Amino acid sequence: MGYVGPGVVKTLRQDYPQAQIIGYDMGYFAHCLTACDVLPETRADVQYFGDVRNMDPAVLDGVDVVVHLSAISNDPMGNLYEAVTEEINYKASIDIARLAKKVGVKRFVFASSCSIYGSADSAPRKEDSDLNPLTMYAKSKVFSEEALKEVADEGFSVTCLRFATACGMSDRLRLDLVLNDFVAGAMVWKKIDILSDGTPWRPLIHVNDMARAISWACVREASSGGTCLSVNAGSDAWNFQVKDLAEIVANILPGTAISINKDAQPDKRSYRVDFSLYKQLAPNHQPQVRIEDAISEIKDRLSSIGFADTDFRSSDFIRLKVLQKLQNKGLLNTDLKWVRA
């Protein structure tokens, strides 16, 4: 029920119309709907609300494939809630994988991240490149991948999709992601503020293309990558320097100024990624969305709801702000568990 999930459910429903789709979510962001006609979870057959840290095993009865998206989902949240991030992103992920294997699930799809490469030299990172996680979020993905190797076997295949940075329109849009933030800034301020010197590299992937990769992983055979596969999921064409990304946005939203902080300290999070293995293994599930179309869709959908919030970085479009508001209202405790009044 977050940013990526709605597109995943829609894609799985289209690709596997006879499947039973079961959702499980804490519900932090269920109310953060953006210009959608229906509640995204209506495409699922069953939607449970619960905490991955103590999931009822009955949820997995009869399940063939687990798609595990649950995570404290970015660096600012991970930095503020380090212990909780380790619990949810790593420990709960492995507990669910072990539980899934025990009850007979055959495939486990794990949403990992290219952020595990951290700071890298100019050569694009391949799956066997050194890992250099710089944040708790990135470290949690490394810990999980390592532990999943021990769980996987011939009867329980694991696919770790090392996703590029997510972007694009969703039924629960986030504006705390680089491309989405640039589009929103161009819309309401006619300006894009780049906090770095603009040179860091980022690989990007549209949320619909993430869903396409997940759909492939749901039926991947062990003969295509082994019983435990970690693969970079994205497109070589979508490796961008931040300054170039801003220029693409400005070209689509004319009149947008670009401000670069030339005196900024170097951003250590800079890496290009090689996606050739994913292209080899999943030729029919390659990214299809053009960067220009991704930008235009965000602009058009936000315009359709009259988006003009110059303070959007303090709004429900920013996931950290949602959690803080829920805590301030006494609805979540410091462990990010619901307070049942």
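**Warm-up.** Over how many bridges do β6 and β8 pair, and in the parallel or the antiparallel sense? They pair in the parallel sense, over three bridges.

Before we go on, a few ground rules. This is a predicted model, in which local features need pLDDT of at least 70 and side-chain atom pairs count only at pLDDT 80 or more, while totals for chains, interfaces and linings use all residues. Residues are numbered from 1 along each chain as its sequence is written, and side-chain values use heavy atoms, with hydrogens and water left out. Helices (H or I, at least four residues) and strands (E, at least two) are DSSP runs, numbered from the N terminus. Two strands pair if DSSP finds at least two bridges between them.

**Exercise 1. Place β6 and β8 in their sheet, and find the helices packed on that sheet.**

Step 1. Look for the strand order: the open sheet has three strands, β6-β8-β10, with mixed pairing.

Step 2. Now check the edges. β6 (165–167) and β10 (239–241) each have a single partner strand, so one side of each is left without a neighbour in the sheet.

Step 3. From one strand to the next, the twist averages 50°. Angles here run from 0 to 180 degrees between N-to-C directions, with axes fitted to C-alpha atoms, for helices over the stretch in contact.

Step 4. Pick out one residue pair: Thr-165 stands opposite Leu-204 in β8.

Step 5. Add the helices. α6 touches β6 and β8, and its direction makes about 70° with that of β8. Helix α7 (residues 242–252) touches β8 and β10, at about 90° to β10. Contact means heavy atoms within 4.5 Å.

**Exercise 2. Describe the four-stranded sheet and the helices that lie across it.**

Step 1. The order in this open sheet is β3-β4-β5-β9, and the pairing is parallel.

Step 2. At the edges stand β3 (65–68) and β9 (228–233); each has a single partner strand, so one side of each lacks a neighbour in the sheet.

Step 3. Neighbouring strands are turned by 20° against each other on average, direction ignored.

Step 4. Follow one pairing in detail. β5 (residues 157–163) runs parallel to β9 and is joined to it by six bridges. Leu-161 has Val-231 in β9 as its bridge partner.

Step 5. Helix α4 (residues 136–151) lies across β4 (107–113), β5 and β9, at about 150° to β4. Helix α6 (residues 207–217) lies across β3, β4, β5 and β9, at about 165° to β5.

**Exercise 3. Trace helix α3 from its length to its end.**

Step 1. The expected span of a helix is 1.5 Å times one less than its number of residues. For the 22 residues of α3 (residues 82–103) that gives 32 Å, and the end C-alpha atoms are 31 Å apart, which agrees.

Step 2. At Ala-92, α3 bends by about 30°. That is the angle between axes fitted to the seven residues ending there and the seven starting there.

Step 3. Buried residues of α3 include Val-84, Ile-88, Ala-92, Ile-96 and Leu-99. Buried means under 20% relative accessible area, exposed over 50%, and partly exposed in between (1.4 Å probe, protein chains only).

Step 4. The cover over the buried residues of α3 includes β3, α2 (75–80), β4 and α4.

Step 5. After α3 comes Gly-104, with a positive phi near 105°.

**Exercise 4. Classify two aromatic pairs and say which parts they tie together.**

Step 1. A pair of aromatic rings is described by the distance of the centres and the angle of the planes. Rings of Phe, Tyr and Trp (its six-membered ring) pair if their centres lie within 6.5 Å; planes under 30 degrees apart count as stacked, over 60 as edge-to-face and the rest as tilted. The whole structure has nine such pairs.

Step 2. Tyr-28 and Trp-338 have ring centres 6.0 Å apart and planes at 50°, so this pair is tilted.

Step 3. Tyr-28 lies in the loop between β1 (22–25) and β2 (46–49) and Trp-338 in the segment after α10 (319–328), so the pair ties together parts 310 residues apart in sequence. Tyr-28 is buried at 8% relative accessibility, while Trp-338 is partly exposed at 23%.

Step 4. Trp-216 and Tyr-278 have centres 5.8 Å apart and planes at 70°, so this pair is edge-to-face. Trp-216 sits in helix α6 and Tyr-278 in helix α8 (residues 276–281), so parts 62 residues apart in sequence are tied together. Both Trp-216 and Tyr-278 are buried.
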